[in-house]
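Welcome, and thanks for opening the viewer. Please load the model below, and we will walk through it one selection at a time.

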Amino acid sequence: MEAKKNTTLREGFLVKRGHLVHNWKPRWFVLTPDKLLYFKYEGGKRDSCQRGKILLKDCGITSPFLDYENRPLVIKLRTKNGVDHFLEACSREERDDWAGDISAATEKLRGPEGVKGPTLETTTTTTGPQLHDINLIKVLESMYDVHSGIKMGNHLDHGSLYSNCFSGSAVVDWLVFSQMALTRVEALTLASALQEESFLWPVGLKSVEALRTAGLTEHFMDDSTALYSFSDCLKKRGSVKAETSMSAVELSGKVIKRGYLLKQGHRRKNWKVRLFVLRSEPAYLHYYDPTKDDISPVGGFPLRACLVSSLGDNGVPSGVKGNIQGNLFKIITQEDTHYFIQAPTQQQKVDWIEAIRQHT
């Protein structure tokens, strides 16, 4: 029985908000059948001693949780004692997978006669969504509210930087989070209805093309790269503007892969967790500091003419500082800058090398 409780259901990096000091720090999380453990990851290694645990029995889950403006990928866990934990994933898919696995574990702990607590808000249904008795004007007013409404910002699309807009997936997330819809399927139908009434307008190539070519029920896209704005009759919160710059161009490519990796610094040679984002057309690899709310990358480089190679797991490779071993690879840019990167697992190293090679 004890061995079963220690079974690892899922593990990986998440960024956790502190309880006393509300800063964000990457931690290595391990999901077991009855708890979520987290460890500090320092110097390219996971601490053997856990930093904390979250008991899952009678734990409530909110996903997506959208109270943090620049962190749309947060999961909120509330323990049976009313303690809140906020965890950020590296992508929408990772967020939903973590939330689904945690929710499944909490459901099993309740048992057949357990008290049913808060359920995950991102489940799908096989029956068609119902929008009877929904006042679209009230939904629009709530969405437009400057305090609790959807957050508008700057977004890139094919080399153009659009201001005062939001993504399709952000709309669906907000509708579920605000309990305007119970599932993402219902939220997508509701968003399509808002667009059909011209309350929401497509912005940028992807959403405009979807509106032009898709069927009536498929107009709206639950997609982080499809952009939308409020209609022109709602001007108080700013109108949409498009600007083009070199930085906008390099960040405008299609996102191919996202994930947390460890990177060795160029000056101090210390290892830190970074959120890496691989884009194509143009092919770039950018990395972000997950402890900061800044949505701009702290570094990046074009992949054209880059060389990427796997480093051996036996001994410390040349150029790597400290006793760092395992799952390492190196990227040499066209300017002969060397990047040493460590993946959390062997399989992730293989996947990243293959993805980068396809775009060099």
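Start with the whole chain on screen. Among its contacts with a separation of 6 or more, 55% are between residues 24 or more positions apart. Keep in mind that this is a predicted model. Colour by secondary structure and you will have eight helices and 21 strands to look at. Switch on a surface next: the chain exposes about 18,600 Å², and carbon and sulfur atoms supply 50% of that area. Of the 360 residues, 47% count as buried.

**Stop one: a pair of helices**

Select residues 136–144, which form helix 3, together with residues 184–196, which form helix 5. Two packed helices are described by the angle between their axes and the distance between the axes. How do the axes of helix 3 and helix 5 cross? They come within 11 Å and cross at roughly 95 degrees. Angles of 65 to 115 degrees count as roughly perpendicular, and helix 3 and helix 5 are therefore roughly perpendicular to each other.

Now show side chains. On the helix 3 side, pick Leu136, Val139 and Met143; they meet Leu190, Ala193 and Leu194 of helix 5. Sorted by type, the residues of this contact are six nonpolar, no polar and no charged.

**Stop two: cis peptide bonds**

Go to Ser63 and Pro64 and display the backbone. The peptide bond from Ser63 to Pro64 is cis, with omega near 5 degrees. Pro64 belongs to strand 7, which covers residues 60–65.

Then jump to Glu281 and Pro282. A cis peptide bond joins these two residues as well, and omega is about 5 degrees. Where does Pro282 lie? Look in the loop between strand 16 (271–280) and strand 17 (284–288).

**Stop three: positive phi values**

Select Asn164, in strand 11 (residues 160–167). Asn164 is not a glycine, yet its phi is positive, at about 55 degrees. Is Asn164 buried or partly exposed? With a relative accessible area of 23%, Asn164 is partly exposed; the buried class ends at 20%.

Finish at Gln179, in the loop between helix 4 (168–177) and helix 5. Gln179 is another residue other than glycine with a positive phi, here near 60 degrees. Turn the surface back on around Gln179: its relative accessibility is 61%, so Gln179 counts as exposed.

How values were computed
Residues numbered from 1 in each chain as written. Predicted model: local features only at pLDDT ≥ 70, side-chain atom pairs only at ≥ 80, totals over all residues. Heavy atoms only, no water. Axes fitted to C-alpha atoms, helices over the stretch in contact; angles between N-to-C directions. Helix = DSSP H or I, 4+ residues; strand = E, 2+ residues; numbered from the N terminus. Parallel < 35°, antiparallel > 145°, perpendicular 65-115°, else oblique. Contact = heavy atoms within 4.5 Å. Nonpolar A, V, L, I, M, F, W, Y, C, P; charged D, E, K, R; others polar. Buried < 20%, exposed > 50% of the residue type's maximum accessible area, 1.4 Å probe, protein only. Areas by Shrake-Rupley, 256 points an atom, 1.4 Å probe, with all protein chains shown as cover.
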